[in-house]
Each structure stands twice: as structure tokens, then as C-alpha cells.
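Here are my notes after going through the structure you sent over. I've set them out as numbered points so you can follow along with the model open.

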Amino acid sequence: MSDDFAQFQEAFFEEAAEHLAIVEEGLLALEQHPDDLDLLGKIFRSAHSIKGTSGMFGFNAVAQFTHKMETLLDLLRNGQNRVTPQIADLLLKATDCLKTMIDAAKTSSPVDDETVQRLTAELAAASATGASGEGQVARGDAKESVSSHPSRCFHIAWTPPSWLFRRGLDPLQTFKELGSLGILSEVQVDVSKLPELAMMDPETCYLSWTMRLETVKGREIVDAVFEFVREDSVLVISEDVRGKGLGVRGEEVPDSREASDAPHALRLTPDGSGGAPKPLGEILVESGVVSRETLDHALAQQKRVGEILIEQHAVTPQQIQQALQKQKQQDSVAQSKKTDVGSIRVDTDKIDKLINLVGELVITQSMLSDLGSRFEMRQMPVLLERMAQLERNTREIQERVMGIRMLPIGTAFSRFPRLVRDLSAKAGKKIQLVLSGEETELDKTVIEAIGDPLTHLVRNSADHGLEQPEERLDNNKPELGTIRLNAFHEGGNICITVEDDGRGLNREKILAKAIKQGLISEGEKIADEQIWALIFKPGFSTAEKVTDISGRGVGMDVVKRNIDALGGTINIKTAPGKGTTFTLRLPLTLAIIEGMTVRVGNETYIVPLLSIVESIQPKTDAIKTVVGKGELINVRGTYLTMVRLYEVFSLQPEYTEAAKAILLILETEGEQVAVMVDEILGQQQVVIKSMEDNFRKIDGVAGATILSDGAVGFILDVRGVLEIARRGVPIAA
């Protein structure tokens, strides 16, 4: 039953993420079209779906918070309130908070109660002013109401009578009434008395609950909620004075004694299969902060461990906070170890085509089996035809299967309208975002990996690229700046461009900064492309002041590193006063690459095709040896480092003279290198297998693949090979 429950919960979290995306996208559009009732209805329906399904799974805090949003949205769509910038901003903040609450429910981690309470009060105030016709958010009143009525925390344990259902009473109504008093959370259901399905009486209540209620109401109000179900119930309501004697915020995990009181309790949040974090006291003992005797003495006093140890001056509040943080980290590690089954939604048309291809493959296999059972040499042409058909079917199935993992890049672009909106408000600029090519498809793993690089580029364009409105007007530009995101296929790759119509890169400023940091020498002549590439150096920034958006020089180097890790490239085009365009060129998938197969001695290696610039057979007089730099090869007036691959991997080559061998000119991180091999065997698609998953990490090797003859071929890591050659210490591969 628990496996099915976890499966349904996972489906809930996926659907909730989709509904949240609809809400956020709709709210951003609502700012531009505040009178669009269809848009309001779409947002309301998504919020309503989240509220309903979260309540079904026991995420009551999520349901109650969404109910507050839903109430305000209902007033807006019924015309009792109007969409203002303040209302839209509040709803967007509430959506962010809702995302955090759902993520917390998924990982069983704590949420920021203060933020939840503040936004709940603001939503309620906005709904109240709307109902009374004022139509504006009373932020000051909301804050005042929260501060003037301090909340109280009650822990409730309720075992209803077995006859509860027979009298037509519904415990859900009790929970709803409690929820109307404040924030109901940490709801747990005890299923220890639940019999097997065959033995179950549908009119008998076998369950009991524990929960936590935060409210400004008094004890007698909470007690009155159970007035009609009190008979024969076991009800314990205890008030918790939060933070007493504890100088830090945070939840302590109950010690082993407390946990053992409810061995059958099932938390209505995803808790996987065990892996609970260690109790606070155990962490403090392991860290050497307190002794085991001190801890045992503290536990005997039946108080919270943190409170007791602080009162005894055994620890400081800071040490408790560090231990609590470590506890949270352990909880996160435990959550990450749980089985996380990724899922992807696939168009049924793709599935249908794949099934048809499998049918054709079965037919081809049957024809080959029949031919093999009565084969004669005169049937060789028929055999070759059948083999060609098998090859076609296999390749098409491969393409279709890879196509199942392909998703529209619009899923990665969807985060940027909100990002640009927030950046525009924070920087005091007027910015519009134009998206195109959202339907362009690429591998799901690539989409997940490019999120951060694209975010850095968009932030860079908003902060560094686009000017302030006054400066744009002075330069005869419209005060509304534009950032364009575009995606398109080119060859076997996908290209993504991030373009702005701002001031462009300042060549002189970049050069001055590079000279100051010692990246280039003064008077050195370098091409524009090399100058633009300097902005990808770690710590490089030409910003005159550091803002909370950028300016610390920690963004663009991350972009370059991540794009290189994906096997892609990034180029820059810029014009002073007209803007800058970043072009990312990425492989469609990380599972299959185009590679050039080469031979060194008896070993076969695959070089990624994207890394190859050209191949040459040099003349003897083109090779020079320079002290401190090793062998260099003159390629049309440019001297490149020459790497003998057989020396890197300690192999016995066929040729040791470069004039008889082949040199591959490879490019890595903007640097070119000549790699010497015996022979180029050909070009082919190869399926990448991880070395670390199947063997161990090997320097200079990015992965492995199975060749057509069944042998294992290593895929070269060009940067790694160059580093090994520079160290001068060969490895065995």
C-alpha cells in the first residue's frame, strides 16, 4: 500500500509543478491584460486543482494557503476586486511561497513559517478590502494584525471513537474547522489498527491523528472544535511556547524516546523508506560538544535537548544552530538517497510509431530466421537485402527511442519571463523578453543542464548589456530594452541565442581589465574573438559596482564551464551601441555523439567530431622543439603544441615519426592542439558509456563505447589529454 501511495504522491508533485507553471505564466500575462477573464479563469482552475489534490494527500498547510490565493482570485474573476500591480505582485510572491511549501512537502523539510503567515495575512487583507470595495492590498494592516496578535502553537492528538462514521460524522470537517482557525500542519495518521482489506468494516473508524495548529485563537476555541466528537474520543491538546529558552529558530527532531511513542505513525508527507536524520543530541555527542553523560542527564529532565543544554551553559545557541543545520543536511542526504523515479510525458504519436517499427523489426527477424533455416549460396543477394532492411529498422528504432527523450526547449525558456520581470523592477530598467523557437526539441538531460547557463546570460544582458532608460533615450533608442531568446536546429546540433539591444561589449575596458589582472601583456595584439573570450575567465568583471544581480565575476565562467561539459561551444558577436549576441551550440543528446575513430598501435580511440578542426600530414621541417614548451608544429604560420598520443597512454605505435603519422588539429576551451595518431579509421555515431559507473575514472578519457567488432573503444577527453601531456607523466589505458 505504501508503494502505491508514494506513486500517487509523485504524480501529485508532477501535476502541482505543471499547475504552478500555469499560475505563474498566467499572472505574468495578467499584468499586461488585467481585464482578461479567460486568463483569470485559467489561473483560478490551476490553483483550485492544487488545493483539492493537496488536501487529498494530507498536505493541509498547502491546501489552506492555496485556499487564500483562490479566494482572492475568485474576487478578481467575479469583478469584486480589480487586478492592480500590487495584487499581481502579491499573487506572484504567494506562488513562490507555494512552490517552496510543495518542495518542502516533497522532501519533508521545514518551511519558513514567518513568510507563510505574512503572505497569508496579506492575501486575507487583500480579499477583505476587495469584498468591501476598496480594491487594494492593505499591507500595513496585514503586518499590524500579525504583530498585534501573537500566534500560539497547539499540539493535538485525537483518537476518535470507532462509531464516528456510523453517526455520519466526517473527521475532514473537523480538520477544515481547525484550519479555519490558523495554520494546520504536521498532520500524521496512525494506521496501526487498520486491518486487512477483507476484515475491514467500512463504517468503523480505525484511524487516529496528531497535528500541529498555529493560531491567534485561545485554547477554549480550539477545544470547542471537538464538541460534537468528544464523546468516547481520546483527545490531548497541549500548548507549545515556541522558542522558550532557545535562541535559534528551527525544529528539533524528537529523540529516540519520543519517536518510539508512535511506532506506527505515518507522516502524510513523502518519507520514503526510513533514513531519518540523527537526533540533535547524537549529533552534539558525535561532534564532541557534550558528553554522553551530559546528554543522558538532559534527556531525563523531559525537556527539549537544545533548551536544556543552553540553560546548563553546556552549549551556545550558535552550536545548537550548527547542529540543527547539520541535522537538516543529513535529512537532505537521506532524501536524496531515496528512490527518485524520473518521468517524462511522451506524445502518443511517438509511441505508436515506435510500436509500428518494432512490428517491422519482428517481421524482418522472422524473414531472416526463415532464410537461415534453408539458406543456399544463390540466396546471398536476398540475405544482403534482408540485412540492409534490418539495419534500417534498427537505426530508425534508435532515432525514435532517442526522440522519446526529446522535449520542447520551451520548458527551459518558461522560467525567464518571471526572471526578466523581477530583474527589470530591481534594476530600474524597462525590459521586454521576446521568445522564439520554443517548440525546438532536444534531449531532456540537455534541457536540465542548460538552465543555469541561460540564467546567467539573461541576467548579464539585463544588468550589463541594457542601459538605463535615460541613457537609451540620449542615444536615440527606445527606453524599452529588448532581450531575445531564440532556439533553432543547425545540422546535428541545437543553437540557442541570447541577444540584447544594449550598449555592447567595451573592448577598451575589457583589455584594460585583462592587462590589470595579468591575463595579457600590454601592447599585445589579439583578435576581437580572443578579447571577448576573456569575459569567461574566473573572477573577470568590468562592472564598476557590485549589485545583487551581478558584478562579482562568478557567472560567465560558470556558463563556459557548463557548456564545455555538455560538449558544446559558445560564441560572442557584439557591436558598440547596438548590442551583444551569445550563441550556444549544443549536441541534441548526451547519449550519442558523432566521433572520428582513430588507431594508435593496436588500440582504437574515438575523438568527438566537434573537437576536430582538421587533419594534416606534416612535413619534417614543420616540427620544432622549444625548451620548456616541448614539440611545436607550424600550421600555416601558427605554432601549436604537438601531443604524441602513444606517449600519453604508454602505447607501442606504428609510427614514431610525425611525417609518417596523422596529426589531428583539435580545439578545447579556445586553445588548439595537434594530436598525433597512426591512422584515421572513419566517422561514426557512438553510444557513450560512463567509465565511472562501469569501471573507474581515467584521466584523458571521457567515456567508452562498444565498437562494431565488439571491442571497447575509449572516447578521448581532449582537455584531459592535453593536461596529461603537459604534466609529462603518462598513464596506462
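**Notes on the model**

1. Let me start with a loop. Serine 650 sits in the loop between α24 (645-648) and β19 (662-668). Keep in mind that this is a predicted model. Phi of serine 650 is near 55 degrees, so a positive value in a residue that isn't glycine. Most residues other than glycine have a negative phi. As for exposure, serine 650 counts as partly exposed because its relative accessibility is 48%.

2. Asparagine 476 is worth a look as well. This residue is not a glycine, yet has a positive phi of about 60 degrees. You'll find asparagine 476 in the loop between α20 (469-474) and β9 (480-490). With a relative accessible area of 75%, asparagine 476 is exposed.

3. Now the chain as a whole. The secondary structure comes to 26 helices and 23 strands. Of the 733 residues, 41% count as buried. Take the contacts between residues at least 6 apart in sequence: 69% of them join residues at least 24 apart.

4. Does α4 come out at the length you'd expect, or which way is it off? I'd put it more simply: how far apart are the end C-alpha atoms of helix α4? They are 33 Å apart, and this agrees with the expected span, because 23 residues (85-107) at 1.5 Å a residue should span 33 Å. Just after α4 comes serine 108, with a positive phi of about 55 degrees.

5. Next, helix α7. Which residues of α7 are buried? They are Pro171, Thr174, Phe175, Leu178, Gly179 and Leu181. Seen down the axis of α7, these buried residues fall within an arc of 150 degrees, so they line one face of the helix. The face turned away from that buried side carries Lys176 and Ser180, which are exposed. Packed against the buried residues of α7 are α3 (60-77), β1 (152-159), β2 (182-190), β3 (208-215) and α8 (219-224).

6. Zoom in on threonine 174, which is part of helix α7 (residues 171-181). Is threonine 174 buried or exposed? Threonine 174 counts as buried, because its relative accessibility is 7% and the cut-off for buried is under 20%. Leaving aside neighbours within four places in sequence, threonine 174 is in contact with Trp158, Val225 and Phe226.

7. That brings us to phenylalanine 226, in the loop between α8 and β4 (234-240). Phenylalanine 226 counts as buried, since its relative accessibility is 0%. Not counting residues up to four places away in sequence, phenylalanine 226 touches Ile156, Trp158, Thr174, Leu178, Leu235 and Ile237. Phenylalanine 226 and phenylalanine 175 are 51 residues apart along the chain, and their C-alpha atoms are separated by 10.0 Å.

8. On to helix α23 (residues 556-565), where Met556, Asp557, Val558, Val559, Lys560 and Ile563 are buried. Among the elements covering these buried residues are α19 (451-465), β11 (569-575) and β12 (579-587). After α23 comes glycine 567, with a positive phi near 75 degrees.

9. What about the nonpolar cores? The largest has 45 residues, and of these Ile409, Leu454, Ile496 and Phe582 touch the most other members. Apart from it lies another core, of 42 residues, with Phe649, Leu666, Ala674 and Val721 among them. Back in the largest core, leucine 454 touches Phe413, Phe416, Leu485, Ile496, Val498 and Leu584, if residues up to four places away in sequence are not counted.

10. Last, empty space. How many cavities of 30 Å³ or more does the structure hold? There is one. About 40 Å³ of space lies in the largest cavity. Its lining is made up of Leu666, Val673, Val675, Leu716, Asp717, Val718, Val721 and Leu722. The elements that give two or more residues to this lining are β20 (671-677) and α26 (718-727). Of the elements, α26 gives the most, with three residues. Note that Leu666 and Val721 turn up in the lining, and they also belong to the core of 42 residues.

Terms used:
Residues are numbered from 1 along each chain as its sequence is written. This is a predicted model: local features need pLDDT of at least 70, side-chain atom pairs count only at pLDDT 80 or more; totals for chains, interfaces and linings use all residues. Side-chain values use heavy atoms; hydrogens and water are left out. Helices (H or I, at least four residues) and strands (E, at least two) are DSSP runs, numbered from the N terminus. The expected span of a helix is 1.5 Å times one less than its number of residues. Buried means under 20% relative accessible area, exposed over 50%, partly exposed in between (1.4 Å probe, protein chains only). Contact means heavy atoms within 4.5 Å. The arc is that of the directions from the helix axis to the C-beta atoms. A nonpolar core is a set of buried Ala, Val, Leu, Ile, Met, Phe, Trp, Tyr and Cys residues joined through side-chain atoms within 4.5 Å. On a 1 Å grid over the protein atoms alone, a cavity is a set of points where a 1.4 Å probe fits but cannot get out, and a pocket is an open set with protein on both sides within 12 Å along at least five of seven lines; lining residues have an atom within 4 Å of a point. Grid points are joined across faces, edges and corners, and a volume is the space filled by probe spheres set on the points.
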